[in-house]
Each structure stands twice: as structure tokens, then as C-alpha cells.
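Subject: Structure handover

Dear colleague,

Please find the structure we spoke about below, with the sequence beside it. I have set out underneath what was found in it, and I would be glad if you read the notes with the model open.

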Amino acid sequence: MAIPERERFHEVIGGELVRKAMPSGPHGRAQLRIGSRISGPYDRQPGGRWPGGLWFATEVEVELETHEVYRPDVTGWLRERLPELPREVPIQVRPDWVCEVLSPSNSRNHLFKKLRTYQRCKVPYYR
């Protein structure tokens with residue numbers, strides 16, 4: 001957390017500071033498309049025509065454990081558990097939904113290290 005926020009594009013995985021790779025065009029497009037697809041029906045108050053009931057954010061720091069601070073591509077929280085989206089950095093409330101876009105440079109962290117942490121911290125949905 002000593003890195004200035006404007007320069008902080010890192011994660012803490014297994015207690016080790018890991019700089020996230022800058023997203024490629026295809027990675028950024030995939031992230032945008034996922035966010036666009038889910039925000040309309042789900043990122044709203046529940047009720048009405050769409051299910052709603054979640055908050056979504058992209059590239060926010062989430063502290064899952066003391067030595068585990070991640071920046072998932074898309075993260076979601078149930079509004080019934082989290083009345084408003086926190087402003088603190090990192091967010092210290094376990095997400096209910098996490099989506100990571102796999103790239104050749106990050107697939108090992110996502111498929112092994114981060115997945116185990118999401119499971120251990122009881123994140124209900126990880127894609």
C-alpha cells in the first residue's frame with residue numbers, strides 16, 4: 001500500500017508484490033464486454049424487469065486476506081450484503097462474484113494461486 005495509488009497496478013499474491021501486466025487490446029475488450037453484458041440486468045436495485053441486486057466494479061483492489069490483495073478484472077457484491085459500494089482502497093469486503101480474463105502472461109496465477117485463495121476465502125462465484 002506504500003505505492004502511490006496512481007502508480008499502483010499491482011497485486012499481492014501469496015505475500016509477494018506482483019505487477020499486473022498492462023492489458024492488451026483483446027484483454028481490455030473482453031473485460032469491457034463482460035462488464036457491459038452484466039451491468040444492465042444485474043448492476044442495479046433488485047426488482048422490476050431485470051434481476052438486479054449487485055454492484056460491479058472493474059480493476060478495484062480487494063483485500064481478501066492480509067497477504068492477498070487482488071485487482072480482479074470484474075468484481076461484484078450483493079447489495080443485500082453491501083448497501084453501498086465502498087470508497088476505501090483496498091475494499092475489505094469479500095466479493096460475491098469475480099471474473100478474471102485469462103491472458104498467456106497471467107493464466108498460471110489465475111488458474112492456481114488466485115483460484116485457491118478465492119476458494120479459501122469463500123468467494124461464491126469465480127469465472
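A residue is called buried when its relative accessible area is under 20%, exposed when it is over 50%, and partly exposed in between. Please also keep in mind that this is a predicted model, and that every value below was computed from it.

Starting with the chain as a whole, you will find two helices and eight strands, which follow one another along the sequence in the pattern β-β-α-β-β-β-β-β-α-β. The radius of gyration is 14 Å, which agrees with the value near 14 Å that a compact globule of 127 residues would have. Along the principal axes, the C-alpha atoms fill a box of roughly 45 × 30 × 30 Å. Of the 127 residues, 42% count as buried, and among contacts with a separation of 6 or more, 54% are between residues 24 or more positions apart. The accessible surface comes to about 7900 Å², and carbon and sulfur atoms hold 53% of that area. As for charge, there are 21 positive and 16 negative charges, and the mean positions of these two groups lie 7 Å apart.

Now to single residues, beginning with glutamate 65, for which the definition above is needed. This residue sits in strand 4, which covers residues 62–65, and because its relative accessibility is 28%, a value between the 20% and 50% limits, glutamate 65 counts as partly exposed. Its side chain forms a polar contact of 2.7 Å with the side chain of arginine 120. If residues up to four places away in sequence are left out, glutamate 65 touches Thr117, Arg120 and Cys121. The C-alpha atom of glutamate 65 is also 9.8 Å from that of valine 12, although the two residues are 53 residues apart along the chain.

Is glutamate 11 buried or exposed? Glutamate 11, which has its place in strand 1 (residues 10–13), has a relative accessible area of 5% and is therefore buried. The side chain of glutamate 11 makes a polar contact of 2.7 Å with the side chain of lysine 114. Lysine 114 also appears among the residues that glutamate 11 touches beyond its neighbours up to four places away, a list including Val18, Tyr70 and Arg71.

Aspartate 96 lies in a loop, between strand 6 (74–78) and strand 7 (97–99). With a relative accessible area of 6%, aspartate 96 is buried, and its side chain reaches the backbone nitrogen of leucine 78 at 2.7 Å. Apart from neighbours within four places in sequence, aspartate 96 is in contact with Gly76, Trp77, Leu78, Arg81, Val123, Pro124 and Tyr125.

Arginine 29, finally, belongs to helix 1, which runs over residues 25–42. Its relative accessibility is 51%, so arginine 29 counts as exposed, the limit being over 50%. Between the C-alpha atoms of arginine 29 and valine 101 there are 10.0 Å in space, while the two residues are 72 residues apart in sequence.

When you go through the model yourself, you could begin with glutamate 65 and its contact with arginine 120, and then turn to glutamate 11 and lysine 114.

With best wishes

Technical notes: Residues numbered from 1 in each chain as written. Predicted model: local features only at pLDDT ≥ 70, side-chain atom pairs only at ≥ 80, totals over all residues. Heavy atoms only, no water. Helix = DSSP H or I, 4+ residues; strand = E, 2+ residues; numbered from the N terminus. Rg over C-alpha atoms; globule rule 2.2 N^0.38 Å. Buried < 20%, exposed > 50% of the residue type's maximum accessible area, 1.4 Å probe, protein only. Contact = heavy atoms within 4.5 Å. Areas by Shrake-Rupley, 256 points an atom, 1.4 Å probe, with all protein chains shown as cover. Lys, Arg positive; Asp, Glu negative; His and termini not counted. Charge placed at Lys NZ, Arg CZ, Asp CG, Glu CD. Polar contact = N/O pair within 3.5 Å; in protein donor to acceptor, adjacent residues only side chain to side chain.
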